[in-house]
Amino acid sequence: MRTQVCIIGGGPSGLLLSQLLHRAGIDTIVLERRSRAHVLGRIRAGVLEWGSVELLEEAGVAQRMFAEGKPHGGTYLAAQNRGFRIDFERHTGRRVMVFGQTEVTAELYKARDAMQGQILHEVEGVALHDLDGRAPFVTFTREGREERIDCEFIAGCDGFHGPSRKAIPESVRREYERVYPFGWLGVLSETPPVSEELIYANHARGFALCSMRSENLSRYYVQTPADADLSAWDDDRFWDELRRRIPEDAADRLVTGPSIEKSIAQLRSFVSEPMRWGRLFLVGDAAHIVPPTGAKGLNLAFGDVRYLSDALRAYYDSGEAAGIDGYSETALKRVWKSERFSWQLTTMLHRFPEQSAFDQRMQEAELEYLEGSPAAQASLAENYVGLPFYSRG
Ligand code: APR
Ligand code: PHB
């Protein structure tokens with residue numbers, strides 16, 4: 001088989017890249033290790049920056065998001081059961097869109113099918129070859145047969161555990177990591193959300209987050225120790241713990257019900273540099289992970305897709321190589337700013353096992369400063385709604 005851009009990974013990054021390139025007349029094949037049902041069974045965050053919304057619009061997959069998603073003009077922060085609001089619209093003139101990532105992915109699959117996009121599922125043993133030459137290729141097995149795709153470029157959209165990042169020689173790769181000493185226990189329940197907007201709560205018992213997918217589908221999280229055992233968390237224990245950590249008026253209103261999904265995720269910050277090696281480009285979770293506290297994971301991945309699709313379009317339209325040559329540098333600038341924001345929000349809102357009395361006071365002072373300072377609120381709002389894709393900074 002032959003294509004212009006071979007895309008490894010059929011998560012949201014790979015699918016969106018494939019869709020945008022196809023619309024620009026650039027041929028792609030997507031290789032995905034799992035079945036489509038498996039990819040669509042994963043529950044992920046649900047907040048889209050407006051830049052992500054616009055990118056989905058440009059890709060022609062925005063219809064259901066506009067019909068069913070909810071724009072949010074602000075969010076609540078809380079400290080010790082008392083909340084205050086950060087007004088995104090007032091400070092930035094922008095909003096975010098609350099629409100689940102699983103739904104985004106479903107819409108992308110539909111759009112790819114409608115354009116007869118090639119997505120090969122359940123491929124095994126994907127290996128990348130000749131990345132630093134002119135003629136890279138990818139080998140894999142499908143239904144027991146060895147196959148090969150010759151291409152001009154490879155986009156590594158295969159998430160944190162995929163083979164693409166590891167195909168960059170160790171002598172070239174630099175990795176930066178922080179693993180946080182806690183996780184998030186998440187519950188999805190068919191209950192009305194406790195609040196119209198999200199609530200991020202700092203509490204002596206640990207962080208909690210109230211989020212949502214729709215009018216009758218809520219997503220809640222509580223911070224747990226890194227080694228927490230999921231089986232020790234029945235629904236009653238979860239709801240009791242959540243109620244204790246959120247503002248009192250919210251706790252009084254909280255409607256509980258059986259969980260329809262429950263899982264624990266470890267929190268991590270991670271960046272691998274460079275994001276380009278020869279004819280391989282890394283995109284999304286393949287190159288970087290953020291803790292979920294600022295809802296940046298998907299948005300950061302879509303930023304990479306923005307840069308790479310623009311760069312490849314310029315290259316194929318007019319032979320202009322500056323975009324692809326500068327991809328890693330351009331993308332990493334935005335990545336590091338989002339890493340900083342996600343780390344800072346995580347640090348401000350969670351209880352650390354080794355937290356000293358001084359650290360404790362610093363957290364309290366930071367939250368009080370934020371509550372009282374329009375300048376601090378503007379900074380949080382600017383980052384939360386998303387930094388521009390192209391800027392000088
Ligand atoms: N071969 C083919 N595909 C692979 C391989 C492999 N060896 N390894 C992983 N994949 C696939 C995974 O099955 C997954 O569907 O790559 C895809 C990567 O998707 P994501 O992990 O969702 O990463 P990405 O598309 O970059 O999305 C980034 O979405 O997943 C969230 O937390 C993530 O919010 C972030 C955003
Ligand atoms: C979610 O809805 O799952 C969600 C929302 C905001 C976050 C993280 C997760 O910061």
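In this predicted model, 8 strands make up an open sheet with mixed pairing, running in the order 6-5-14-15-16-13-17-20. Strands here are DSSP runs of E with at least two residues, helices are runs of H or I with at least four, and both are numbered from the N terminus; two strands pair if DSSP finds at least two bridges between them. Strand 6 (82–87) and strand 20 (288–289) sit at the edges with a single partner strand each, so one side of each has no neighbour in the sheet. Strand 14 (residues 199–202) pairs with strand 15 in the antiparallel sense over 3 bridges, and leucine 209 in strand 15 is the bridge partner of tyrosine 200.

Tyrosine 200 also turns up at ligand 2: it is among the residues that come nearest, along with Ser211, Arg213, Tyr221 and Pro292, out of 15 around the ligand (heavy atom within 4 Å). A polar side-chain atom of tyrosine 200 lies 2.6 Å from an oxygen atom of ligand 2, and serine 211 has a polar side-chain atom 2.6 Å from a ligand oxygen as well; polar contacts are pairs of N or O atoms within 3.5 Å. The protein covers 99% of the 280 Å² of accessible area that ligand 2 has on its own (Shrake-Rupley, 1.4 Å probe). Strand 15 gives the largest share of the shell, 3 residues.

Residues are numbered from 1 along each chain as its sequence is written, and chains are lettered from A and ligands numbered from 1 in written order. Local features need pLDDT of at least 70, side-chain atom pairs count only at pLDDT 80 or more, totals for chains, interfaces and linings use all residues, and side-chain values use heavy atoms, without hydrogens and water.

Terms used: A polar contact is a pair of N or O atoms within 3.5 Å; within protein, one must be able to donate a hydrogen and the other to accept it, and residues adjacent in sequence count only if both atoms are side-chain atoms.
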